[in-house]
Each structure stands twice: as structure tokens, then as C-alpha cells.
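This report introduces a structure to a reader who has not met it before. Please consult the sequence and the model while reading.

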Amino acid sequence: MNESEIPIDIHTLKLQDWLVSRRIVPKNVQREIKEIHTKISNALQDMPSNEQLIKLLARTNINYYHVKEIIEILKQTEKDTKSVFGTYGSQRMKDWQEICRLYEKNATYLAETAQIFVRNVNYEIPGVRKQMTKLEQQTDESLKRAQDLNKPETQFLSEHAALLDQLGVKGENLHTEFLEVLSGLPDLYAKSLQGIGTIQAGIDLYAEVSGHKQPLPILSHLVEFGNTTVYQYIHKEAPLVVEEPPIRLNLSEGAAPKDSDNAANEIDFGAIDFGTDDNGGTSSTVSAEIIDYGDFGNVDMQENDGGGIDWGIESAPTDAVEINFDIPVEEYGIVVEGTGMDGGTAKGDQAYTLLDSPNYRDRFLDEIYELESFLKLRLYELKQLESSSDIMFSLMDNIATHDAESINKILRNVEKLIQQTSDEQTRHLFQLKHSPKYANLLASKLQQMTKAVEKLRSNREALKKRAVELREQRQELNPVLEELIAQTRTLQGHIEKDISKRYKNRVVNLMGGVN
């Protein structure tokens, strides 16, 4: 095999050391390259206006091969300064010819070309590819994060819709809607007490076992009379007038409208007590607002024929107006309150119903849970009775009144009643009515959910926009990478060709170059 047929393989990482070791380029070549770059910077200050030059000089790194292209362009732009001896009088041409001469001295151009080639292979091209990969990853992450925001958004929307559904409002005008939905609270109470009569057997059993005549008074009252006012529960009679305290909603958008006091200025004479009648009973009480006795004129009582007593009062004239004591009191606005079950006025807390009163509602819940616990205990005792014969006879007598099936049925009715009277909507509306701050709390919670959804949507749109920008940046790097690869391959060809000429046209392979 001839020597010319033996290829020269040079690894890219060792290319510069190989050139120095073969004495092709000097060791201090970097200093010469720096001086050349300084001259190139000075020469670029005075360049003719040429489209090809503008395109060529737009590149960031100008090397030996670019200098040769510039000289070829200047041969056309500076041809008027060419002498008969082939030299140019233009200073521009002289500067660039000097730069070309310095490049060719000591093969400085080959050292710089190898330096650019190695830098592109080891740093520039991998760096661009790494940046492209990173942009792709950031794009995928942005899209994934945008997709992940759908779950919390759906959750917030679901919770928001559930809360509005529990409150029975649409969320458009909370103050007005709250007042409207609170007007239907009595219907909710009535609906929650449906089937309350089915727990009467449990109440009777509890009374029988406990020995108390009425151990659960509020439950017993609700079973017998329904959800009456606290006034009726206390006084055992229905009120004539119910004056429930006004509802106050502490909302930031405005306070609840207050009813103006349009009551007429009337004289209140209080209550007139006529004492005790002859039979020992209590007399009626007259509550007068406006009493008009009419115009009776001057009335003189006649002398009593039977006793002949002179009271010192002149006799009334014969044409005096006759007094009629049978005039009905209703004609003059007089209200007579009876002493039986006719009732009075329920005000304050007594105007609320038992389930609507904060105090009595808590007592009602205590009693219903107490009854539930009692029934569960009875079921446990029945199970113990089945598994053990050592039971007190008194306990067996009490248990024998109801079997496990009947007690379990009563227990299911009690649990159903607890569920009906303690559902989410009833609890929300109860707190809304009796706690002025609760309305603002609910409004703030709804507003926070709405803001959270808006923020999630804004973040999602920002992430999608970011993904588009990253994808565009990734696309913009494609021509940069292609140009780098093309430049590197060109430099590789120049290096291999130059080294091949120095070694009798042997084949030169730069290992680890551009794929």
C-alpha cells in the first residue's frame, strides 16, 4: 500500500494540538489571531455600500474565508483604483489584502479555522440543540400545567354551584336573594318535620323507662302542635300578634333595608282592671287605645224613689239624652283580651318558632339526639338479652314492651328526622338569619371561589400563551442550527483539504465532527 493511500485520522478534540505538534502552526498563534481581529475591526469602519458586502458582514464571526470573499467583492467596487501593475490605490483594498497576508503567514488561518470548528462541534451546536430541547420541555410543561388547572377549576366551580344550590340563590344579587330565600325558611321547617308523629312511640318508651312524665318536652310539643312559636310553647296559648325581630344582613354591598316606622301617634291608656267579680273569678281586662264616650251633656241623676236620699244633684231635664250602655266596644276600637287561650303579643325570641329560635333549636337537637342515644342503648340491651339469661326481671319487663324490630323502626324514623332538620340548606339559612356576620362570610366565600376560578383561568391562558412563545422560540432556532451545521461542515472541508495538500493529497478524516 502506498503512503498516499493511507488516510490521516484526526480526532476533533486533538485537532489544535495535532497542528501544533506537526509544526504547521506556531504555539503563540492566538496572539497573531488577536492582532488580525483588531485590524478587521478597523477595516470594517470604512466599507463601500454594497449589497453583497452588507449580507456578508452581517455574520458575527469573520474568518479567513470571509476575508477572501470581501477582497473579491472589493475588486469590483475598487476597480477604478487598479494600476497597470495590478495593484490597487484604494486604502480599503490595501487593508484587507494586509489582513489576508497576515492570515496566510504561519498558517494562522488554519489555526483559527480549526479553533472555530472545534468550538462549533463541542459547544455551539450542542448548546443550540440543548436549548431547543429545553424549550420543548418547557412547552410541554406549560401545556401540562395548563391542563392540570382544569381540575381545581372544575372543583371550585362545583363547590360554588353546590353552595349556591344549598342556599337556593343564583349569586347575581346576594342581598336581595338572601332576603327572598329567608322568606321560605318556615316552609323548610314544616317540610323537615314531616313524619315527626312516628317518633311518639319512642318518646312514650323513654318516658316509661325514665319515670318522667314528660322527659322530652320540646319534642312532645312538636309532635302535638307542630312548629309553633316559643310564646305558645311557654304560655300554652297561641299569640294574637307575632312581632318577629327584623332580619339584618351585614353585607358589604349594603345593609338590609329598614322598615320605616309609620305607626300613628295614639294615646295608650294601658290596661283597665275591673277587679274580682262576685263569683270569685277574674274579671276581663280592657285595653283601650282611643275611647270616645260621646257627648252626653250635663247629666243629673234623679232622686232615688226608694230611699229618698238627696245626693245634692239636680234632676236632669225631661228632654235629656238617654244613655245607652249596650253600645258594643268594638265600634270604638276597644280590644278585650280574654284570660283563657286567647293569647297576647309575641315579641323578641318568643316570636320565633321552636326550630327558628337559636336557644330552643339547640334544646330540640339535644332532645332528638338524646332520644336517638336511648333507642340505640335499648337495641344493645335487647342483644344482650338474647345472649345472656342473667337479666333483671324489671329490665326484662321494660324491654318486653318493644322488640328489636319495633325499636329499630323508631330509630330509623328518629335518624330520618335528624337528617331532615339538619340538612345543609336549613343550617345555612338558619345561620344567615340569626348571625349578621354570616351573610358577609358566605358572600366572601362565594367571592373568593369566583376570584380563584378567574385566577386559574388567567394562569391557564398565560401558560398557553407562554407555550406558544416557547414553541416560536424553538422554531426560530431551527435556521440557527442549520446555519451552524452548514458552517461547520464547510470549515471541516477546508481543514481536511488544506491538511491533505500538505501531506501529498492523502485522505484526511476529522473524527467526531458534525453528524
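## The pairing of H6 and H17

Helix H6 (residues 108-148) makes a left-handed crossing with H17, meaning that the near helix is turned anticlockwise from the far one by less than a right angle. Helices here are DSSP runs (H or I, at least four residues) numbered from the N terminus. The axes of H6 and H17 (residues 436-502) cross at roughly 160° and come within 8 Å; axes are lines fitted to C-alpha atoms over the stretch in contact, with angles from 0 to 180 degrees between N-to-C directions. The two helices are therefore roughly antiparallel, a term for angles over 145 degrees.

## Basis of the model

The model is predicted: local features need pLDDT of at least 70, side-chain atom pairs count only at pLDDT 80 or more, and totals for chains, interfaces and linings use all residues. Residues are numbered from 1 along each chain as its sequence is written, and side-chain values use heavy atoms, without hydrogens and water.

## The largest nonpolar core

The largest nonpolar core (buried Ala, Val, Leu, Ile, Met, Phe, Trp, Tyr and Cys residues joined through side-chain atoms within 4.5 Å) has 54 residues, of which Leu 15, Leu 19, Val 67 and Trp 96 touch the most other members. H6 gives the most to this core, with twelve residues.

## Val 230

Val 230 lies in helix H12 (residues 230-235). At 0% relative accessibility, Val 230 is buried, the term for under 20% relative accessible area with a 1.4 Å probe, protein chains only. Beyond four places in sequence, its contacts (heavy atoms within 4.5 Å) include Asp 349, Tyr 352 and Tyr 360.

Note on methods. Buried < 20%, exposed > 50% of the residue type's maximum accessible area, 1.4 Å probe, protein only. Parallel < 35°, antiparallel > 145°, perpendicular 65-115°, else oblique.
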